[in-house]
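Subject: Structure handover

Hello,

Here is the structure I said I would pass on. Please open it next to this message and follow along; my notes come after it.

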Amino acid sequence: MALFIGHANAQTLRDPTLPSQGYVAVQVDSGSQQALVLNSIVNGQRAYAVINNHILSVGDTISGIGLRVSSIGQDSVTLSDGRKLQLFQSITER
């Protein structure tokens with residue numbers, strides 16, 4: 001019986017190796033209610049952003065929305081409509 005209870009509790013814990021939930025910026029226009037989530041940014045020889053769980057680089061289009069990634073910084077992404085998605089401060093600090 002004790003093993004069964006321990007197993008049930010383990011299923012409710014979040015996997016700590018999963019990426020964070022990121023920053024959510026809700027699209028303002030009344031026709032679309034799709035949210036944009038900046039999951040992470042990878043900076044190296046080339047910068048990549050993970051938005052809505054899709055890996056994108058500068059110039060790529062966000063599927064289903066039609067916006068392009070204009071720039072990728074250390075902790076933020078600028079979109080073609082001027083919006084800026086930023087990572088949570090706790091993620092960017094070390």
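How many of the 94 residues of the protein, in percent, count as buried? The figure is 28%. Please keep in mind that this is a predicted model, and that the values below are computed from it.

Overall layout

The protein has two helices and seven strands. Read along the sequence, these follow the pattern α-β-β-β-β-β-β-β-α. About 6700 Å² of the protein is exposed, and carbon and sulfur atoms supply 55% of that area. If you take the contacts between residues at least 6 apart in sequence, 29% of them join residues at least 24 apart.

The core

The largest nonpolar core contains 16 residues. Leu36, Leu38, Ile51, Ile62, Ile72, Val77 and Leu79 are those with the most contacts inside this core. Two or more residues each come from strand E2 (35-42), strand E3 (48-51), strand E5 (69-72) and strand E6 (76-79). E2 gives the most, with three residues.

Leu79 is a useful residue to click on. Which residues is Leu79 in contact with, once its neighbours within four places in sequence are left aside? They are Leu36, Ile51, Ile62, Leu67, Arg68, Val69, Ser70 and Leu85. Leu36, Ile51 and Ile62 in that list also belong to the core residues named above.

The sheet of three strands

E5, E6 and E7 form an open sheet in the order E5-E6-E7, with antiparallel pairing. Why does one side of E5 and of strand E7 (84-86) have no neighbour in the sheet? Both strands stand at the edges and have a single partner strand each, so one side of each is left free of a neighbour there. On average, neighbouring strands of this sheet are turned by 20° against each other, ignoring direction.

You can go through the two pairings one at a time.

- E5 with E6: the two strands are antiparallel and joined by three bridges. Ser71 has Thr78 in E6 as its bridge partner, and Ile72 stands opposite Val77 in E6. The hairpin that joins E5 to E6 runs through three residues.
- E6 with E7: this pair is also antiparallel, and three bridges join the strands. The bridge partner of Ser76 is Gln86 in E7, while Val77 stands opposite Leu85 in E7. The hairpin of E6 and E7 has four residues between the strands, and Gly82 in this hairpin takes a positive phi near 95°.

Val77 therefore appears in both items: Ile72 stands opposite Val77 on the E5 side, and Leu85 is opposite Val77 in E7.

The salt bridge

Side chains of opposite charge can pair when their charged atoms come close. How many salt bridges does the count come to? The count comes to one. Arg83 forms a salt bridge with Asp81, and the closest N and O atoms are 3.0 Å apart. Is Asp81 buried, partly exposed or exposed? Asp81 counts as partly exposed, because its relative accessibility is 42% and that class lies between the cut-offs of 20% and 50%.

That is what I have for now.

Regards

Technical notes: Residues numbered from 1 in each chain as written. Predicted model: local features only at pLDDT ≥ 70, side-chain atom pairs only at ≥ 80, totals over all residues. Heavy atoms only, no water. Core = buried A, V, L, I, M, F, W, Y, C linked by side-chain atoms within 4.5 Å. Buried < 20%, exposed > 50% of the residue type's maximum accessible area, 1.4 Å probe, protein only. Contact = heavy atoms within 4.5 Å. Pairing = 2+ DSSP bridges. Axes fitted to C-alpha atoms, helices over the stretch in contact; angles between N-to-C directions. Salt bridge = Lys/Arg side-chain N within 4 Å of Asp/Glu carboxyl O. Areas by Shrake-Rupley, 256 points an atom, 1.4 Å probe, with all protein chains shown as cover.
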